[in-house]
Amino acid sequence: MSTVRIPPTLRAATGGEKLVTVPGGTVREVIQGLVAAHPGLEAQLIAQDGDLNRFVNAFLNDTDVRHLQALETPVGEADTLVLLPAMAGG
Amino acid sequence: MTASTLTTPTRTAPAPTSDAPSTSAASAAAQRITGMACRNCGLAQPLAIAYVCPACFGPLEVTYDYDVIRASLTRDVIASRAPGIWRYLELLPVDAPPARSLPVGSTPLIPVDRLGAALGVDRLWIKDDTRNPSLSFKDRPAAIAAARAVEFGLPALACASTGNLAGATAAAAAAVGLPAYVFIPADLETAKVDHALSYGATVVPIDGTYDDVNRLCLEIADETGWGFININLRPFYAEGSKTLAYEIAESLGWRSPDVIVAPVASGAMFTRVARGFEELADIGLIERRPIRFVGGQAAGCGPVATAFEAGTDVIEPVREPDTIVRSLAIGNPADGRYVVEVARETGGSVESIPDDVTAGAIRDVARLEGIFPETAGGVTLGAVAAARRRGVIRDDDEVVALLTGNGLKTPDARSLGLPDGQGLAPVLKPSLSAFEAWLGSAS
């Protein structure tokens, strides 16, 4: 079970929970597990093609997964996944 | 082109207003500011401290009733107001100017014929935003975000910065009387760190890139209750850059140029300048004419330029930026895809500029025109030359290049590629004979 940190903008769908533990061996599986546990997240996190919504950035242990193996990046039990809006900064 | 420098009228101190916007100001604002909407799915939202669409996670933007604005904001009304960004209040997402704010904007539009000739551009203007209060264009969005923070009653301002926003946020916070927390990459130029510190800000260096800083700030923005001006206040902050377009059009006698050239970091400024011209046409202040938009990025951190060249709008992030152009070193630009869209749809381009070209351009504009920009300005002028070679800039085009920060922020950059001490005389003894000996050997 890895840990997913939920930003405030998504917490309505997790009942206010900041930290959620989710099973899964890859980033894709963890996100799928998260959505299965909290279906209200699907519209925000998952695009029509089944991939991650382009407005969401995923960070595994603070590294953008696009710099790793994207959704196929392996996830261990001690790892933490963070999902954040892509729109900020500058 | 006239021979004189164009500018909006000479700045004087704005008339004082109360700390909180008056009821009538708030009421008038409620007429023209209709709320927020998602740029991606269009979902309407009430005006709030929010930046992400609750339905699709897309970016929220402020929305206006342009019929209301058209009825009240005329050229004469603008001309009757004091210089600065607040002369375009109706097009900005605040109820009223804050009681205390810095004199931001109304920077000059300068004809640069010698530089134009060197770059092969017939009619070249520089929008000289190096001379805003904290020496960069970032004073514009920071002023808007600070004003909104006051209207929302927020206890502090904060930001994630590549450098220029650090100073702008710190200065804006000092002006409105709020504490400031500035998060920066730990290896930022010393001049920029000292600049922010001097305004009394708390500077928080982070051991990582700007994108690491931004990620951290995204995680903490909504937890602290602070107004992170480029995160939870971003829909308001971004609107400040529209004033560049308003001022350019006004300085040109209420018309638009053929080409705008601007640096691209997150892309927020580039896209809002384009929108600014659209808005002016929408409310009838200028004739609607095509404008080609050209962006410039550093070759060592050019994810948007790469996407433009590849013909895609998918921005592949740059993990480790490698460039002297720290102010543009955003590897994961939030508005990158929208920059590509604007450049492509207008017949413009996004150019990738090597650091040695940037340094040379800084020297050229300083030597030929007496204007000393920071590195992003060198990139912009490099982009002018690149777009000219590409054919995006054509014979007889009127081109406006945005120099967005002052060279004193990056004083070492200009000497890249030069021998040490070029142009610097040796230390002379204070005697006439020493001077004459040196002059004889130097000539």
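In chain B, β1(B) and β2(B) form a hairpin with five residues between them, and Gly42(B) in the turn has a positive phi of about 85°. Helices (H or I, at least four residues) and strands (E, at least two) are DSSP runs numbered from the N terminus, and two strands pair if DSSP finds at least two bridges between them. This is a predicted model, in which local features need pLDDT of at least 70 and side-chain atom pairs count only at pLDDT 80 or more, while totals for chains, interfaces and linings use all residues. Residues are numbered from 1 along each chain as its sequence is written, and chains are lettered from A and ligands numbered from 1 in the order in which they are written.

The pairings of β1(B) are set out below.

| Strands | Bridges, sense | A bridge pair |
|---|---|---|
| β1 (residues 33-38) and β3 (residues 60-64) of chain B | five, antiparallel | Ala37(B) with Glu61(B) |
| β1(B) and β2 (residues 44-45) of chain B | two, antiparallel | Met36(B) with Gln45(B) |

Helix α7 (residues 190-198) of chain B has Lys192(B), His195(B) and Ala196(B) as its buried residues, where buried means that 20 or more other C-beta atoms, placed from the backbone, lie within 10 Å of the residue's own, exposed that 12 or fewer do, and partly exposed in between. Seen down the axis of α7(B), these buried residues fall within an arc of 90°, so they line one face of the helix; the arc is that of the directions from the helix axis to the C-beta atoms. The face turned away from the buried side carries the exposed residues Thr190(B) and Asp194(B). After α7(B) comes Gly200(B), whose phi is positive, near 90°.
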